[in-house]
Amino acid sequence: MHETVESTGAVAPRQGALLAIDVGGTKTQVACYDVARRRMNTRILATHAAGLSGEPALQRILAAAHECVVEFDNAQVLSVAVVFPGVVRGPTLLMAPNTPGFEGLDLKGLIADSFGNARVSLDNDVKAGALAEVRWGSLAGVDNAIYLNLGTGLSAAAIANGQLIRGHNGAAMEIGYLLSPFLDPACPEQWATYEKGNAPLEELFSGNALSQLAGEMLGHGHHALDLFASADPAIRKALEQRIAACTVQVANLAVALDVERIAIGGGLYRQAALLAPLIGQLIQRVVPFPPTITAAHFTHDAPLWGALSMAMEAAGLNAIAEQLIAAAESIDVLGD
């Protein structure tokens, strides 16, 4: 295989494919980047279709990734980067209730077996999303920031002095496990905690939590976004209370970390216009040095771009086609 030396001095391939996979609680996105053609194709599929979970669900995802490679004439796969919700510990995944069956699997081994000699890297999806925003998006040039992802679940990542905060166990900023502010101090036995199998803040404010609320307040078959469309005062009050509960915790983090900017992404944020002004107003009122609130550049697929960044680095590349990054929000996503 012909090779060239990029500006960093690293030896990088002139041909081959990079694979990026974002495994979400609801859907999985796959991207294949052809180094020679400087083109990318994508897939989107349900993470757990037809009742699949665990290794069968993973193999179905990997089959979709192979389909992307076939479209580029079965180019050699140089590296594969896969990101998951939860805590990645070595080759395995912990604290991932939204992807049942994946915890405890030898993910790195199974992925490596599927793609031969390609380099395999794993990470948390939201941490990867933050790195994509730092590299190409709304957090470029910002040394102290928070990336907040509002999707099926709830999570965040923080940049301090230009470095991603991972924490002792790789679980930094798993804010879904923060305690709800609505607690009775006289009854701690009633608190929903991780010890009892709960993710308190995520169960209060996330795509899943709001869909459950929609079902309770609007009836069976309604979803989270229906709450935002409702003019019912009781529904508006319930929704705004939950938004405030999450935003208070984010404001506390902004105070603790003294950040310059908060970038917000995820499917829920992209579709719910009410969120931006409410979050911004509360942050302005609470934080002594209020950070700028901005939408993530990769509003709904920052983790996928983070995975692509990981795959690039593993293959020794330091750049991809700029037009793909500029058009990130309009990339066609092919059906399952």
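**Exercise 1. Determine where Ala160 lies and whether it is buried or exposed.**

Step 1. Ala160 belongs to strand 11, residues 154–160. Strands here are DSSP runs of E with at least two residues, helices are runs of H or I with at least four residues, and both are numbered from the N terminus. The model is predicted: local features need pLDDT of at least 70, side-chain atom pairs count only at pLDDT 80 or more, and totals for chains, interfaces and linings use all residues. Residues are numbered from 1 along each chain as its sequence is written, and side-chain values use heavy atoms, with hydrogens and water left out.

Step 2. The relative accessibility of Ala160 is 25%, so Ala160 counts as partly exposed. Buried means under 20% relative accessible area, exposed over 50%, and partly exposed in between, with a 1.4 Å probe and protein chains only.

Step 3. Not counting residues up to four places away in sequence, Ala160 touches Asp143, Asn144 and Ile165. Contact means heavy atoms within 4.5 Å. Ala145 is 15 residues from Ala160 in sequence, and their C-alpha atoms are 6.8 Å apart.

**Exercise 2. Describe the surroundings of Asp34.**

Step 1. Asp34 is located in strand 4. With 3% relative accessibility, Asp34 counts as buried.

Step 2. Its side chain reaches the backbone nitrogen of Ala36 at 3.0 Å.

Step 3. Leaving out residues up to four places away in sequence, the residues touched by Asp34 are Gly16, Arg39, Phe72 and Ala75.

**Exercise 3. Work out the strand order of the open sheet and find its edges.**

Step 1. The sheet has 5 strands in the order 5-4-3-6-9, and the pairing is mixed. Two strands pair if DSSP finds at least two bridges between them.

Step 2. Strand 5 (39–46) and strand 9 (119–124) each have a single partner strand, so one side of each has no neighbour in the sheet. On average, neighbouring strands of this sheet are turned by 15° against each other, direction ignored.

Step 3. Strand 6 (residues 77–84) pairs with strand 9 in the parallel sense over 6 bridges. Val83 stands opposite Asp123 in strand 9, and Ser79 has Arg119 of strand 9 as its bridge partner.

Step 4. Of the 6 residues of strand 9, 5 are buried, so this strand is largely enclosed by the rest of the structure.

**Exercise 4. List the buried residues of helix 2 and state what they pack against.**

Step 1. Leu107, Gly109, Leu110 and Ile111 are the buried residues of helix 2.

Step 2. They pack against helix 1 (54–71), strand 6, strand 8 (92–94) and strand 9.

Step 3. Gly116, just after helix 2, takes a positive phi of about 60°.

**Exercise 5. Classify the crossing of helix 3 and helix 10.**

Step 1. The axes of helix 3 (residues 125–136) and helix 10 come within 7 Å and cross at roughly 75°. Axes are lines fitted to C-alpha atoms, for helices over the stretch in contact, and angles run from 0 to 180 degrees between N-to-C directions.

Step 2. The two helices are therefore roughly perpendicular to each other. Angles under 35 degrees count as roughly parallel, over 145 as roughly antiparallel, 65 to 115 as roughly perpendicular and the rest as oblique.

Step 3. Contact residues of helix 3 include Ala128 and Trp136, and those of helix 10 include Trp305 and Met310.

How values were computed: Polar contact = N/O pair within 3.5 Å; in protein donor to acceptor, adjacent residues only side chain to side chain.
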